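Let's go through this model together, taking one label at a time and asking what earns it. Here it is.

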Amino acid sequence: MEPDGTRERLATWLEQLGLVDHLGEAGLPTMTRDAAGRAVWTDPGTGAELSDDQVAELDAVLHQEGSDPGHAVPVPLLQIAQQARVHDELLTSPWHTYESLARLRGSTAERTRFAVHKAAGQHRLLVVTGPTGAMVPAFQLDAAGEPRPELAPLLEPLLGAGMDGWRAWAWLTRPAALAAGLVPERAAGGDDPDDADVVRRAAQRLARTLTGEG
């Protein structure tokens, strides 16, 4: 295929997969379209447009996954795109800043910050860094803004094993295959002790996997 055809084919393929916006995050050359709609591929290191040979090499790399290179899907890119979608979903769910949590607790921001840091250090509270700073996901708090004690058996092994906060937030609040499809935080606080035991053991197994013990 002629060079311009390769550029366009590769661009259209990634657009159809919804992966164009995640190329830079994966450390790959990025793609934009100029005023004429032509696909322009850019080297992230130099900012220069890719040569024909470089575009051909990128094409080969992205099609090397799978048994049929002609129809292969770039799995790492799909994983990055999925993580980005989950990240966006989590940002739309309830969460607190130190200030909003302080208002819920009827306390000061300084005291709340200290209490949050203490609980996080004990792996009893999940805190992540978001676009505006520290975020405390609301699912793990009771009506008074205090840590839900029934989540401690899940949070302690996961956070103790060094699990990324965003990944922990996602695992705890979405159906988990390792937990028989249950939503861990809901099962932990539900009426069925068997479900609570399932998610507790699932958290422990996941933690062992993270530390290389499972």
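**What earns each label**

Q: Which residue in strand 5 stands opposite W95?
A: P137 stands opposite W95. Keep in mind that this is a predicted model.

Q: What makes strand 3 and strand 5 count as a pair?
A: Two bridges join strand 3 to strand 5 (residues 133–137). Pairing calls for at least two bridges, so this couple qualifies. The two strands run antiparallel.

Q: Why are strand 3 and strand 4 said to stand at the edges?
A: The three strands are arranged 3-5-4 in an open sheet with antiparallel pairing. Strand 3 (95–96) and strand 4 (128–130) each have a single partner strand, so one side of each has no neighbour in the sheet.

Q: How do you know that strand 1 and strand 2 pair, and what lies between them?
A: Four bridges connect strand 1 to strand 2 in the antiparallel sense; the cut-off is at least two, so the pairing holds. One of the matches puts R33 across from A39 in strand 2. Five residues sit between the two strands of this hairpin, and G37 in the turn has a positive phi of about 85°.

Q: What makes the contact between R33 and E15 a salt bridge?
A: The closest N and O atoms of R33 and E15 are 2.8 Å apart. The limit is 4 Å between a side-chain nitrogen of Lys or Arg and a carboxyl oxygen of Asp or Glu, so the pair passes. In the whole structure there are 14 salt bridges.

Q: Why is R33 called partly exposed, and what about E15?
A: Partly exposed covers the range between the buried limit, under 20%, and the exposed limit, over 50%. R33 has a relative accessible area of 31%, so it falls in that range. E15, at 37%, also counts as partly exposed.

Q: How do you know that E49 and R7 form a salt bridge, and where are they in the chain?
A: Their closest N and O atoms are 3.6 Å apart, and the 4 Å limit therefore admits them. E49 is in the loop between strand 2 (39–42) and helix 2 (52–62), while R7 is in helix 1 (residues 3–17), 42 residues apart.

Q: Are E49 and R7 buried, exposed or partly exposed, and what settles it?
A: R7 has 6% relative accessibility, and since buried means under 20%, R7 is buried. E49, at 37%, is partly exposed.

Q: What makes E146 and R105 a salt bridge that links distant parts of the chain?
A: Their side chains meet at 3.6 Å, N to O. E146 lies in the loop between strand 5 and helix 6 (152–160), and R105 in helix 4 (residues 98–105), 41 residues apart. E146 is itself partly exposed, at 36% relative accessibility.

Q: Which residues do salt bridges that share partners join into one network?
A: R7, D34, R38, E49 and D52 make up that network.

Q: Why is helix 7 called largely enclosed?
A: Of the nine residues in helix 7 (residues 165–173), seven are buried, so the rest of the structure largely encloses this helix. The buried ones are G165, W166, A168, W169, A170, W171 and L172. At the N-terminal end of helix 7, D164 acts as a cap, with a side-chain oxygen 3.1 Å from the backbone nitrogen of W166.

Q: Which residues touch the most other members of the largest nonpolar core?
A: Among its 25 residues, they are L126, L154, L158, W169, W171 and L172. Helix 6, helix 7, helix 8 (184–188) and helix 9 (193–210) each give two or more residues to this core. Helix 7 supplies the largest share, six residues.

Q: How do you know that the buried residues of helix 6 line one face?
A: The residues in question are A152, L154, L155, L158 and L159. Looking down the axis of helix 6, they fall within an arc of 160°, so they line one face of the helix. These buried residues pack against helix 7, helix 8 and helix 9.

Definitions and conventions. Residues are numbered from 1 along each chain as its sequence is written. This is a predicted model: local features need pLDDT of at least 70, side-chain atom pairs count only at pLDDT 80 or more; totals for chains, interfaces and linings use all residues. Side-chain values use heavy atoms; hydrogens and water are left out. Buried means under 20% relative accessible area, exposed over 50%, partly exposed in between (1.4 Å probe, protein chains only). A polar contact is a pair of N or O atoms within 3.5 Å; within protein, one must be able to donate a hydrogen and the other to accept it, and residues adjacent in sequence count only if both atoms are side-chain atoms. A nonpolar core is a set of buried Ala, Val, Leu, Ile, Met, Phe, Trp, Tyr and Cys residues joined through side-chain atoms within 4.5 Å. The arc is that of the directions from the helix axis to the C-beta atoms. Contact means heavy atoms within 4.5 Å.
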